[in-house]
Protein chains: 2
Amino acid sequence: MDEAETAQAQPTIYDVAREAGVSIASVSRVLNERRNPRPDTKARVMQAVTELGFIPDGAARALSGRLKEVVGVVIRRPTPTSPSGDLYADEEESLQFPDLINRGIEVAAQRRDFNLLVSSVDVDDHDYSRRIFALARKSDGLILHDQVLDPEQLTRLSRQIPIVTLAGVQTPTTTNVGGDNAGGMRALARHLVADHGFRTLAYLGGHATSPDSIARHSAFGAEVTAAGASFVDGPQWQGNYCAAGGAQVIERLLAEGAPLPEAIACANDQSALGVVHALSQHGLEVPRDIAVTGFDDIPVARHLRPLLTTVRQPIQQLGATAFEALYAMVCDGEPAGQDIILPTTLIRRESCGCLPTPGLARAVAG
Amino acid sequence: MDEAETAQAQPTIYDVAREAGVSIASVSRVLNERRNPRPDTKARVMQAVTELGFIPDGAARALSGRLKEVVGVVIRRPTPTSPSGDLYADEEESLQFPDLINRGIEVAAQRRDFNLLVSSVDVDDHDYSRRIFALARKSDGLILHDQVLDPEQLTRLSRQIPIVTLAGVQTPTTTNVGGDNAGGMRALARHLVADHGFRTLAYLGGHATSPDSIARHSAFGAEVTAAGASFVDGPQWQGNYCAAGGAQVIERLLAEGAPLPEAIACANDQSALGVVHALSQHGLEVPRDIAVTGFDDIPVARHLRPLLTTVRQPIQQLGATAFEALYAMVCDGEPAGQDIILPTTLIRRESCGCLPTPGLARAVAG
DNA sequence: ATCCGGTTGGTAAGCGCTTTCCGTAAGGCC
DNA sequence: GGCCTTACGGAAAGCGCTTACCAACCGGAT
């Protein structure tokens with residue numbers, strides 16, 4: 001008999017109770033530290049627990065009125081379109097920013113004994129809302145990256161379960177957490193115009209509907225104009241937060257023979273990465289020929305040549321803050337509808353034309 | 001009355017049944033497509049469901065004998081030691097390889113309506129095993145990155161729940177999924193020695209206990225020696241899979257005035273990244289002065305200057321394969337104890353001394 | 001010794017589902 | 001029309017846990 005293989009029998013609380021010669025209530029009380037059981041009861045239970053390798057079933061605990069201790073996280077997976085060949089084939093799958101956010105969420109969640117339940121959706125998935133709703137019922141609360149749900153469904157769902165959005169917009173039933181887009185972009189614009197003297201500047205966007213990208217766009221444009229420089233704008237500057245998208249914008253502009261501005265502020269670092277790459281393919285060197293900047297300050301930005309000038313967001317802290325906000329809603333009944341904005345910092349490195357810091361490319365706060 | 005705020009009442013199957021004028025059994029049958037209910041019954045249930053916005057509770061479903069539809073994933077979070085200053089402060093938190101694996105798992109899981117439940121552990125966490133065990137009881141099966149559990153506990157846990165390891169070793173009760181370390185490193189060694197004529201080569205390790213790193217080390221060393229070149233080895237070549245670790249190894253060697261080999265094969269791309277960075281800080285240029293290679297072929301490797309020569313693993317496929325193996329164990333009772341090895345490919349780019357591909361840095365399969 | 005507040009353990013209800021087991025209605029055949 | 005087969009709906013059990021609720025028991029005061 002090959003019972004060694006199929007011995008997937010997980011001990012239940014009844015097994016423990018029988019083994020310890022007590023009732024299941026006592027076992028539960030010992031495990032949850034309720035009502036201070038007598039030392040010898042506690043000892044016998046603990047021994048039975050270790051002996052049997054008992055771990056309480058999460059589903060049963062959750063069902064019994066308590067928390068699931070799970071926070072659902074939804075990220076948007078970019079649609080795999082790779083027009084520029086296989087170079088970017090799965091680059092699009094390297095979502096550094098969301099992954100870092102998730103790590104921030106996870107670290108914060110761990111302190112409360114929560115776990116992350118992750119689901120990704122791609123936009124053209126007709127079925128995405130079903131999956132998000134299913135995720136909702138496996139979780140105590142939801143953290144949504146980007147805009148993965150249309151406002152109507154968001155509202156509906158937020159009546160059933162606490163929701164925190166990242167890079168979304170706050171609603172009466174929903175809390176939002178984000179970085180200070182406007183402040184960061186204004187500082188960047190001032191630096192590029194006032195310190196470097198650039199006269200023509202463009203903003204390379206993220207997703208067209210992204211509130212973050214929209215905010216960055218308008219703050220940058222306004223500040224550039226206010227500083228007396230000219231803001232190059234138009235639909236051809238629409239990227240998608242990915243390196244491939246940034247590269248594509250450059251390729252198109254060059255193919256059309258359009259004149260490039262003196263500086264390009266990208267919606268995020270990944271886009272900037274693609275832009276720098278595409279420019280170098282055409283013999284244009286950053287920052288010698290043109291300045292390029294990013295947003296986020298993802299870790300790899302610190303290993304690129306040239307070192308990327310960017311606006312730093314406290315990425316992990318964004319995630320941690322989102323979790324704490326959600327936790328407060330779940331456990332303390334904290335009301336939703338807040339808008340939490342974390343500060344951003346201009347990081348001047350090389351790609352804007354600042355001189356390389358000799359010896360070590362250490363970040364310089366602006 | 002502010003009931004608008006606290007109306008967190010999630011409808012249950014009873015509400016639906018009442019609304020539709022049927023029994024809860026019928027509702028369940030409609031939702032799970034069992035026993036082909038009569039059209040009008042189905043219609044009334046469906047209407048009640050949409051009207052109330054009902055979504056079945058995951059915990060209750062799971063408890064009722066079915067699956068949780070959750071796969072637990074444990075990653076090892078590097079201990080935050082940043083000896084080289086704040087440059088690498090949270091670079092260590094950018095775990096590109098694990099994150100890509102997870103994406104692969106997630107995509108595969110989604111096809112089966114599973115979700116990823118993620119937990120990270122850092123090695124010095126005394127409490128890590130409790131957390132992994134808790135995760136186990138919230139999941140139908142576990143996928144473990146690295147070696148996050150000692151063999152004894154692994155065995156114990158694997159008797160209760162199916163486990164697939166990545167980059168571990170397969171055991172009688174556990175299936176392992178990994179890339180072909182030996183094959184990839186042999187091809188790399190041959191290329192470096194035979195095609196480039198390097199005479200002294202070193203391997204910069206990952207974690208000392210990582211089976212992957214050990215396999216890469218010995219395959220590389222053996223092939224280098226077999227090809228007649230000399231293999232530089234020793235404890236000073238111990239990295240930790242992170243850029244910071246790679247940089248540190250170089251810093252120490254240079255500080256000691258030790259002669260560098262002609263080529264350094266790193267345990268993974270992240271290490272190589274740190275190595276290249278550290279070398280350039282000391283005026284050593286890759287590949288002019290020294291050759292450096294990676295392993296994994298993470299997407300950013302394609303944007304580095306110089307383009308990184310590396311051994312490509314099908315990263316996302318590793319994740320997807322791990323999930324499918326686990327799923328087979330969970331649902332079809334597939335026995336454990338398999339060892340699944342996916343092929344690797346040598347990718348010759350620039351950092352080994354190969355000429356840059358003109359125009360486009362496209363991967364060249366070896 | 002009797003009574004009484006304070007503890008501690010056991011019993012049982014119930015969380016929201018799935019599923020088995022019946023009962024009944026509907027349809028096919030003689 | 002009566003009988004058998006088949007199809008579907010409903011009642012109820014039960015998944016593994018938490019937590020009232022209640023019984024028993026402790027020591028101290030009377």
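**Entry 1: two helices of chain B**

I began with helix H2 (residues 13–20) and helix H3 (residues 24–32) of chain B in this predicted model, and I found that their axes come within 8 Å and cross at roughly 100°. Since angles of 65 to 115 degrees count as roughly perpendicular, I entered H2(B) and H3(B) as roughly perpendicular to each other. I then listed the residues that make the contact: H2(B) gives Ile13(B), Tyr14(B), Val16(B), Ala17(B) and Ala20(B), while H3(B) gives Ile24(B), Val27(B) and Ser28(B). Sorting the contact of H2(B) with H3(B) by class, I noted seven nonpolar residues, one polar residue and no charged residues.

**Entry 2: a sheet in chain B**

I next traced an open sheet of four strands in chain B, whose order is E7-E6-E8-E9 and whose pairing is parallel. At its edges I found strand E7 (230–232) and strand E9 (291–293) of chain B, each of which pairs on one side only. From one strand to the next, the twist averages 25°.

I looked more closely at strand E6 (residues 200–204) of chain B, which three bridges join to E7(B), the two running parallel. For Ala202(B), I recorded Val232(B) as the bridge partner in E7(B). I also saw that helix H10 (residues 211–226) of chain B packs on the sheet, where H10 touches E6, E7 and strand E8 (263–266) of chain B, and that the direction of H10 makes about 175° with that of E6(B).

**Entry 3: how the two chains meet**

Turning to the contact between the chains, I found that it takes 53 residues from chain B and 53 residues from chain A. On the side of chain B that touches chain A, the elements giving two or more residues are helix H5 (58–63), helix H6 (96–111), strand E2 (115–122), helix H7 (128–137) and helix H12 (269–281) of chain B. E2(B) provides the largest share of that side, six residues. By class, I entered 23 nonpolar, 14 polar and 16 charged residues for the side of chain B that touches chain A.

I followed E2 across to the other chain and noted that three bridges join strand E2 (residues 115–122) of chain A to E2(B), and that these strands run antiparallel. Leu116(A) has Val118(B) as its bridge partner in E2(B).

**Entry 4: the relation between the copies**

Finally, I superposed chain B on chain A, which takes a rotation of 180° with 0.0 Å of shift along its axis and leaves an RMSD of 0.1 Å. The two copies are thus related as by a two-fold rotation axis. I also noted that 98% of the interface residues of chain B are interface residues in chain A as well, so the copies meet through the same surface.

Note on methods. Residues are numbered from 1 along each chain as its sequence is written. Chains are lettered from A and ligands numbered from 1 in the order in which they are written. This is a predicted model: local features need pLDDT of at least 70, side-chain atom pairs count only at pLDDT 80 or more; totals for chains, interfaces and linings use all residues. Two strands pair if DSSP finds at least two bridges between them. Axes are lines fitted to C-alpha atoms, for helices over the stretch in contact, and angles run from 0 to 180 degrees between N-to-C directions. Two residues are in contact if their C-beta atoms, placed from the backbone, lie within 7 Å. Copies are superposed by least squares on the C-alpha atoms of residues with pLDDT of at least 70 in both. Angles under 35 degrees count as roughly parallel, over 145 as roughly antiparallel, 65 to 115 as roughly perpendicular and the rest as oblique. Ala, Val, Leu, Ile, Met, Phe, Trp, Tyr, Cys and Pro count as nonpolar, Asp, Glu, Lys and Arg as charged, and the others, Gly among them, as polar.
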